[in-house]
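Reader: Hello! Could you walk me through the inside of this protein?

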Amino acid sequence: MFAALLVPGLLILAPGPVARAQQPVTVTVRVDQPAARIDPIFYGLMTEEINFSYDGGLYAELIRNRTFQDDPKIPVNWSVVKDAGAEGAISLDQSPVPNTALTMALKLEASSASGNARVGAANEGYWGIPVKPDTTYRVSFWAKGDSSAKGPLAVSLESNDGMTVWARADLPRITAEWRKYTATLKTRKLAPSATNRFVISTRSRGTIWLSLVSLFPPTYKNRSNGNRPDIMELLAAMKPGFLRFPGGNYLEGPDYENRFNWKATIGPLEQRPTHMSPWRYRSSDGMGLLEFLEWAEDLNMEPVLAVYAGLHIDRGANIITGDALKPHVQDALDEIEYITGGTSTTWGARRAKDGHPRPFELRYVEVGNEDWLNQGTASYDSRFTMFYDAIKAKYPAIQIISTMRTRDRDFVHTRKPDLLDDHFYVTIPTALAQAHLYDDYSRSATKVFVGEWATNNPRTGDTPMMAFALGDAAWLTGLERNADVVVMNCYAPLFVNVNPGGRQWAVNLIGYDAQTSFGSPSYYVQKMFSNNRGDVVLPATIDPMPTLTLEQIPQAPQPPPPAGRGAGGGRGPTGPFDGIYASATREDSSGDVILKLVNVQALTQPVRIDLRGVNTIRSGATGEVLTGELTAINTVAEPRKVTPRTIAISNAAPAFTYDFPAHSVSVIRLRTR
Ligand code: AHR
């Protein structure tokens, strides 16, 4: 066992027993005084294309740079394959496929090839192509050949050195006209691996052009343009209530051209032109508007739609306002119609044509993203008003979210938003202090959607360490306690591809590579809280509250404070901090009282749990506890290093004592029936 010696900016782990707090604490829960109802969709997900969230992430496509647009000069992620005795080359060539959005092709020139000497083009995938046993992969691509190119073409999944072919299929002769070809590749018994490539090859001379080359493994619920099952299963286990999409900065785009233009993300893949994400790589737009909605549908989540509102992240250089914004207001109305309209409406009919006749339900629309940034504030009221008026006129039941935060107190909305979207990326001391942020929030003020939050530190890695999970959990107890003003919340960012070059943002909830995915300690906090949400808040008090100095609270490595300043540098809360954070709720269906308790002390804390106004508490109580070394993280190699353990309590009663471990997050279900 290790005890943490805590020094600001530095965390040292020293061997030693974990001590027990001398002073017991009483948590009193007023079961007889149910307070606010907690929204059934209180816990949800926030998502955007960042850190290879979809391409190279959730979206199951295995071919990277499938439309050859990722680099205008060279076919990145593609290489030429030449058997001994064969000659050939690959290059980019502007060769549009008629009646599609495909403009760029890969030109494969086989100057010398024969029956036993092939020439081909290989794709390396997103840091490798994962291959599994007894699995069927769907291949499709567009191709044409010059007059001498006879084919036939072969497609194969093979090891990177080409020595082992896992699966192969031959396609008929190709023609001089662009045409779409499809095939399936079926693997047999093999050991799963990701050090593989996908190859299209020919054994005869000639020139072949390729476009939109796609390779899909089996997907979640077998959707043809669907998602990775392992990541979807991690999400499903969180029981999220909503999906906030498509961003985030991804909604705004780096500039006008590259905003999230939903109309360019629907329909057959060959009709999607693709666009640059603000996170410095091109999005295939395989995850388009309908795919976001189907993702929400598959996990029983409500869509929370953010609509483009004229702001990009090009430092406010080109904010679209006034008359120029009107077509985008219409775009938003069209988008809502695409989502919710019957098939007799223009855009509802389009959705049906795209494969989803049944309308989706939509209760929340957010106008823009973080318009308090990048000089967006000055024009936001006029922009918000335009969207608000147009949306409410046609869809009066839709709740409209403003991107102004509760702390933008001077901002005056001409139209009163239904919710304000607060965002927080905070260090551990701030997360702990902010567990009380909404305690004093005016109960008559506009309610809150915490649309992005995380305890993080930009100097740390892909996913949160255990110390951050403590900050997250403490903060969440504050959101639950204030569920009368906080309607929904979601952590951000959700995903990261942990391969070198995969990350633009530290830290992220779920990590993965081509083969494996894992939840971080913060993921498990989300899962524990969301699975044990409860329906009504029960007042809970902690007495006496143990307090901690800044030096005593869990810290993570962070940049040294500015010269001349002490710990906290005058830039964050300096304490004292609560040592314990708690939230109590009751679940309608079971009658269970659910107690969540976060002990951020480096001491085991005995707690007397005093449930007032309840006659029966069954002696057998259950729960989960998450604890670990403060710097512990989960990784591809050790995906379950920090995971919750089951709690079984045999002496539960209306009043009983329980020891909460040091640095732990506990959720306990107390049965009243
Ligand atoms: O979550 C990462 C980014 O943080 C989001 O895109 C943006 O809304 C926020 O600034």
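Reader: Which residues does L235 touch, not counting residues up to four places away in sequence?

Author: Happy to help! This is a predicted model, in which local features need pLDDT of at least 70 and side-chain atom pairs count only at pLDDT 80 or more, while totals for chains, interfaces and linings use all residues. Residues are numbered from 1 along each chain as its sequence is written, and side-chain values use heavy atoms, leaving out hydrogens and water. Taking contact as heavy atoms within 4.5 Å, L235 touches L45, P240, W295, L299, L494, F495 and I510.

Reader: Which helix gives the most residues to the largest nonpolar core?

Author: A nonpolar core is a set of buried Ala, Val, Leu, Ile, Met, Phe, Trp, Tyr and Cys residues joined through side-chain atoms within 4.5 Å; buried means under 20% relative accessible area, with a 1.4 Å probe and protein chains only. Among the 125 residues of the largest one, L235, W295 and Y438 touch the most other members. Helices are DSSP runs (H or I, at least four residues), numbered from the N terminus. With ten residues, the greatest giver to this core is helix α8 (residues 466–481).

Reader: Why is helix α9 (residues 521–531) largely enclosed by the rest of the structure?

Author: Look at its buried residues, which include P521, Y524 and F529. Helix α9 is largely enclosed because the buried ones number nine of its eleven residues.

Reader: How many residues in the contact of α4 with α6 are nonpolar, polar and charged?

Author: L325 and K326 are among the α4 residues that meet α6, where the partners include F387. Ala, Val, Leu, Ile, Met, Phe, Trp, Tyr, Cys and Pro count as nonpolar, Asp, Glu, Lys and Arg as charged, and the others, Gly among them, as polar. The contact has nine nonpolar, two polar and four charged.

Note on methods
Buried < 20%, exposed > 50% of the residue type's maximum accessible area, 1.4 Å probe, protein only. Helix = DSSP H or I, 4+ residues; strand = E, 2+ residues; numbered from the N terminus.
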